[in-house]
Every structure is written in structure tokens, then in C-alpha cells.
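Biologist: I would like to learn how to read a few features of a model. Shall we start with charged pairs?

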Amino acid sequence: MSDTSIQIILDADMPFIRHPDKPGCVEESRFFDSLSFTYLPLLRSCTALETEGIPFKLAIAFSPTLCEMMSDPLLQTRYIEYLDRTIEYGLSELERCSSDPALRELIKLNMDMMQLNRRDYVEIYDRNILGKFDYFATHGFIEILATTATSCFLPMFSDIPEAVNAQIETGLLTYRTHFTAIPSGFWLPAMAYTPGIEVVLKSYGFQYTVLETHGLLFASPAPDTGIFASATCKNGLSVFARDKNACLEVTDPSTGFARAPFCLDTERDIGFELDSETLAPLFDVNTGRRLTGFRYWSRHAGADGKRAVYEPAKAHEAVRAQALEFLDRRKETLEKASSLLEGEPVCITCAFPASYFGTEWYEGVAWLESLFRQAAVRSDISFSLPLANVRLRPAEKRIDPYHSSWFASGYAEEVLNSTNDWMYPYVRKATVRMIDLADRFPDDTGLKERSLNMAARELLLAQTLDWYTGMTRSEESEYAKARFEESLKAFTVVYESLGSNFISTEWLTTTEKKHNLFRDMNYRVFSHKK
Amino acid sequence: MENPPFNRAYLESLSTADLVDMADDNGIDIPEGLNRRFIIGELLDLADERSGSARDSGILVETDITASHDVLPETYNETGISVLLRDPGWVFVYWDFHSNLFSAITQHHRFETFFLRVNSLSSASPATLIDYFDVEVGVYDRKWYVHFPGKAYACRVDLYTKNSQEKEQLLARSPEIVIPCCEILDSPIPGSRKESPVLELSGITVLRKNHFRNHRQSFGS
């Protein structure tokens, strides 16, 4: 490893969305999109790099909810059905566009990709793609970080330590179910930090976490090494700071790489453009329009002012140029940092939502692969994993990081505003009640234990930050509200049933089957630590 | 005959008149015009009290009465106040009342208003009061965003009531929360503060400028 490196961390997260009684709902299709356009292509890239002997290093934080969805038999079956429908629909789309050779090529491209996805998913991974990520982790290519059970914005519960413990312990339990390593790093959902979290993380044996840039630069005292090395909290936990500016080069909504003119315009999908009858074989538009993967237009207009047809070869070349540009800029910064720090090892941390690559930015996975390929043939820059960059320097000043998150506000405005603040009295009250239940029923078994585990599961789901951010977006707010209320009501049913000593086992079984995540849930994670 | 489960699902299926009767039978004094959710809260509190430790060791019994909640409760029937930090300049405050207390206060002929007292606290142990200001809130308000000025170490928000003659009365006190402060943010004017070259290369100048633009109210005067 050279002394100047980049570490890339992907936040692979999705809220738990599973509706046994509503096949084909639009929310569930987003999970299928992430498999088709992000995770399966990413595994293909990793496999190609490994086969060709090209070194690559990537850190990923898989949220337990996403892991549970990826390993759920119902969703696995539905994903295969979704792929089959899409491949079959491609034939009718070829017919519809029979007079346009350029569009036909793009239709074939999408059909090929879906067929490849189906082959990989069914024949190579046997529906278990996490197993392949685990393989790359055990072979030193990937580092998998642990995170909370549901993507919980921890600062909102930092005054209720049992809630934070329950999120972390359940997250760890799920990590052990799906991965073989012992996690060294912990991913804070939304990189949301509030003082004191470092103490909890250290108590669970984690060595490092990642903060937004200002979490480290506004620390007291500011770290001597800026954002170019891990800093150490007073309790010994290491923290990296994301280089926000470097990340914005990639993801900025107006100037990021995905906005380049040659890129595929992922929003101009036939799922949003064709009439309901034409789309009927794919989905019922009354259940919500969605991506289909059939997209034909680039982001720029042609010479005649009309939309230009997407040209994959041109896009591929341009992605290589973008990767080179990114590497050159990081190299320049790292050289300066290395010089200022008198030759100390330096690194730049780039953290992104995983779904940005492939799902939002179609060429994103190819860009990542190109980064590794180009870095492999140059000696001035390399990629590294966070654990290798954790360094404790004896003379280093210990720091107190600053409140921060990776939201645009830098703090909590996205999860605490007039659209979602009504949720906190409920969820925090339920949290306090759950702790009370865990303390009152420490050794219960049978139906009572089942009920308590159900309550704990529903409470963790109600703490999912996507419901809170979803309330601020009109197209998502109805679903977010329904999911939050569903979990809170289910929790309340158990709470009151334990008060009255009556419970409907029919209801309990139905709810367990619907929200079948965290099979080894143990409600005692909410107990006061003695 | 089996007694019905004394839970919210069952109580919500009863008419308001039946609820009032049930409260009466159980010796609960219900002020006139009280919202049915408060009555249900009172009955559940009573059930909770009566079952006590016996319930904790009780066996959960199966029932075919389907548990359901159409709506979330409007209140948990407890007097209390909580504070959540939104950013270094703003906190979110929410509170609630016990139905009896709320009725007793608001139906009193001298009742005037409720208000929040926002206290700035020092970092000393125990914390000492540096300053405070009051925010008048409506009778039916249950939440408020409060801008937190100055450079206090921590804040605490108290819920008070005031009547026309007597002194103000404290109803609830929030836990103290630490307000983020950062020396580096004290001089937001570009050029007014010299940073180390490594921090400059890390982007501290732009960060401070952006932070000042977006969160200027967080800076002390």
C-alpha cells in the first residue's frame, strides 16, 4: 500500500419493505432496482477485478434491514418473477420500437443485463448475494462495517442509552447471521453523531467510525492531521472524516458526474412515459409508476435540439475520463497533505449511498471499476480499507468530535421539522415503554416472549429514519406515515395486551409473518445494563 | 362469563357514555366535557395500577378478540416536557399534560396562560443558571421550536402556568441538554482567523463560511 490512498465506503441501506399481501407494490420494486442496477453489477465488477488480478479495496456498511430483505425467500422469488417479466416485456418493447434501430439496441442491452442478472442471481449466487460479498470480505478486498438494526438517527435517542444499545446489539446479531468477520468499523446512519456515541461504540469493541467533514474539523481541539488521517477520541475510538467536497464532485445534484451530458437519463424511463395499457404486462400503473430499466435518452440534447439517444460506448469512454479526473484531483490533494504532514501516511475518505451507483447513476458501477483499474497501473495513488488506516499516534491530541450528520443541513433538520416532529413523542414514549417491559419481564418465555420480541421488532422499525425523511417528500409521505403508524400501533397492541393479559395469537402470527426480520430478536436488548 | 380484556382496543370500542359510566363505577372523577381519549387513558392507568406486580408474573392468555388501533393516541395522559436538539441554534420542545391537571388548571377562573421558560445553564457541576427567557404558548399547543441564543453550555426548558393573581407555577422540567459550541466557529468572517495549512487543505475556510451562511443564528453575538 502506498502512503497516499483513497478509502471508499458505501452505505448499503434500505428500509424494511415487504408486503406479502401486496405483490407488485412500488416500494418493493425499489429493492429489485437496487439488486438489478447496483448490487449485482457491483459483484460482477468485483469478480472481474479479482479474476484479472487487479487490486481493489472497498468498504461497505450493509444495513441489517437490507440483509434481511436480501435473504428473504418471498422477496427472492418475487425478484426472479420481476426479472422474468422484464425480459419478456423487452420482446414487446422491441416490437414497439421496431422502426428505430438505435432504441432496439438499447432495449437489447437492458434485456441482456436482466438475463445476466437472472443467471448470476439464480445459478451463481443461488439467490444469496450476501455470501459473495462475504467471500470478498474474507479475501481482503472488502471490509464490511456493522451498523444499527434499522437505520436509526441515533442523536434523537442519545438520552435513552438502552435504545442505542438495542439498535447496536440487534445490528450486530444480524451481522453475525450474514457475515463471518468480526466488524471493526461502525457506520452511523446518516453519519449522525452526537457526543457520547463514541463511548457506546467503544464499549461494543468497535475501533472506528466515520463522520461528516465538520464532525472532525469543528472538533475540540481540531485534529492536527485535518481530514487526511484518523483522529482519536478521548476514549480511544478512531474517527475518519468524509471528504465532502470530493464526494460532491461525484454526487452533486447539478454538477456531479451523473449529470454529465453523455450519462443515461435514468428518470426518463418508459415506466413514467407510456400509457397504462402498454405497461400493463409489467405493472399496474394504479399501484404507482416506477422504473422499468427501459431508458433510451442521454442527458443532453442533440444537434436538432431533440433528446439525444444514449450511446453506451461514448458513455463508457467518458466514465474512464471521469475516473481519471477524480484520481488526479485526489492525488494532488494527497501529495499536498503528505508534504504538510512530513511524509506521514495520508488518506482521503469518500462515503456514498451505495444505491447512487447504478440505480441513480447508471454508469456509477463502471466508474468505480474504472477507478480501481486505473489506480492499479499507477504508483502514485492506491485504495485502502479503513481498518488499515486506523492509527494511534502517542503524541496526538485526543479530540471531542462535533455534532454532525451527512444531511444537507449538516445536523438534524431533515429528520426533525414541521412535517415529522409529531412522530417523536410517540416513538420516544414507545421506546421508554419497551425498556420498562424488558425490565419487568426479564425471564419470560412462550407467548409472552413472542409478544415482547414482536414489540421490540416493531419499535426498531418505527425508528427507521427513512419514515422521518419520507414525511418531507410529498410522493413518499403517505407510505412513510402508514409504515410508522403501523409499527407504533403494533407495538401498542402488545404493550396493552401485556397489561390486560390477553392477546390475539392470530394477530401476533400474522404480524410476525409480515415483519419477519430479526428472527433471533431478543427483547432483552432493551434492558437497563446492570 | 369471561371478562373482556381491559385494554385500549376494547375501551375504544365503547361509546363515550359507556366509558363515563365505567369510569364512574371505578371511582374516577371525570370533569364534564373531557375528551374520550383522556377517559381511556385514566381507565388504562387504573388497570395498570390494580394489576401491579401480579400482572408481571401473570400468564398471557389467548383471545380471539382482534387487537387493533385505528389511530395513535392523542395523549399519553402524563405531564412532562422533552427537548430535542435540531442544530446548534434550535431545539424542538414537546410536552403533554395529565388530564386531571390540565382540566384543573384551565377550568380555574384565574387561569391565564401556559409558557415555556428556556434556561441557559453553565458547565459548572451542578449547572448554574446563567439566563432565561419565556415563550408564551397556546392552551392546546404541544410543541414549539425554540432558538437558543448565546453561548451557554446547556439548556433546559420548563413548562409553567400563570394565572391572573398568583405567581407562576412550575408543571414540568425537561432534562438538560448540552448545546454544541465550537471555538472555530466564533470568528466566521473570512480572514479573521488563521488556520493551519492542513485544515485549510481540508476545506475549513469554505466550511466555516457555509456554516455561517446556513446557521448564522447559532453564532453568539
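Modeller: Gladly. This is a predicted model. Side chains of opposite charge can pair when their charged atoms come close. Over all chains, the structure holds 44 salt bridges.

Biologist: Which residue forms a salt bridge with A:Asp84?

Modeller: A:Arg118 does, with the closest N and O atoms 2.5 Å apart. This pair links distant parts of the chain. A:Asp84 sits in helix α3 (residues 73–96) of chain A, and A:Arg118 in helix α4 (residues 101–124) of chain A. They are 34 residues apart.

Biologist: Are the two buried, partly exposed or exposed?

Modeller: A:Asp84 has 32% relative accessibility, so it counts as partly exposed. A:Arg118 is partly exposed too, at 29%.

Biologist: Where do A:Lys331 and A:Asp380 lie in the chain?

Modeller: Their side chains meet in a salt bridge of 3.8 Å, N to O. A:Lys331 is in helix α11 (residues 312–340) of chain A. A:Asp380 is in the loop between α12 (364–376) and β11 (382–383) of chain A. The pair is 49 residues apart and links distant parts of the chain. A:Lys331 is partly exposed at 22% relative accessibility. A:Asp380 is partly exposed as well, with a relative accessible area of 26%.

Biologist: How far apart in helix α17 are A:Glu485 and A:Lys489?

Modeller: They are four residues apart in helix α17 (residues 474–500) of chain A, which means about one helical turn separates them. They form a salt bridge, with the closest N and O atoms 3.8 Å apart. A:Glu485 counts as buried because its relative accessibility is 17%, under the 20% cut-off. A:Lys489 is buried, also with a relative accessible area of 17%.

Biologist: Which residues are linked in a network of salt bridges?

Modeller: A:Glu249, A:Glu325, A:Arg329 and A:Arg330 are linked in one.

Biologist: Now cysteines. How many disulfides does a search of the whole structure find?

Modeller: First, the general idea. A disulfide is a covalent bond between the sulfur atoms of two cysteines. Here the search finds zero over all chains.

Biologist: Why is there no bond for A:Cys347?

Modeller: The closest cysteine sulfur, in A:Cys350, is 9.8 Å from the sulfur of A:Cys347, too far for a bond. The cut-off is 2.5 Å. A:Cys347 is buried at 3% relative accessibility. A:Cys25 is buried too, with a relative accessible area of 7%.

Biologist: How do I read helix packing?

Modeller: Two packed helices are described by the angle between their axes and the distance between the axes. Take helix α15 (residues 446–462) of chain A and α17(A). Their axes come within 8 Å and cross at roughly 150°. The two helices are therefore roughly antiparallel to each other. The crossing of α15(A) and α17(A) is left-handed.

Biologist: Which residues make the contact?

Modeller: From α15(A), they include A:Leu452, A:Ala455, A:Leu459 and A:Ala462. From α17(A), they include A:Phe484, A:Leu488, A:Phe491 and A:Val494.

Biologist: Last, chain B. In which strand does B:Val91 lie?

Modeller: B:Val91 lies in strand β3 (residues 90–96) of chain B. With a relative accessible area of 1%, B:Val91 is buried.

Biologist: Which residues is B:Val91 in contact with, leaving aside its neighbours within four places in sequence?

Modeller: Among them are B:Val83, B:Leu85, B:Trp144, B:Tyr145, B:Cys155 and B:Ile177. Compare sequence with space for one of these. B:Val91 and B:Tyr145 are 54 residues apart in sequence, yet 5.8 Å apart in space, C-alpha to C-alpha.

Conventions:
Residues are numbered from 1 along each chain as its sequence is written. Chains are lettered from A and ligands numbered from 1 in the order in which they are written. This is a predicted model: local features need pLDDT of at least 70, side-chain atom pairs count only at pLDDT 80 or more; totals for chains, interfaces and linings use all residues. Side-chain values use heavy atoms; hydrogens and water are left out. A salt bridge is a side-chain nitrogen of Lys or Arg within 4 Å of a carboxyl oxygen of Asp or Glu. Buried means under 20% relative accessible area, exposed over 50%, partly exposed in between (1.4 Å probe, protein chains only). Contact means heavy atoms within 4.5 Å. Axes are lines fitted to C-alpha atoms, for helices over the stretch in contact, and angles run from 0 to 180 degrees between N-to-C directions. Angles under 35 degrees count as roughly parallel, over 145 as roughly antiparallel, 65 to 115 as roughly perpendicular and the rest as oblique. A crossing is left-handed if the near helix is turned anticlockwise from the far one by less than a right angle, and right-handed if clockwise.
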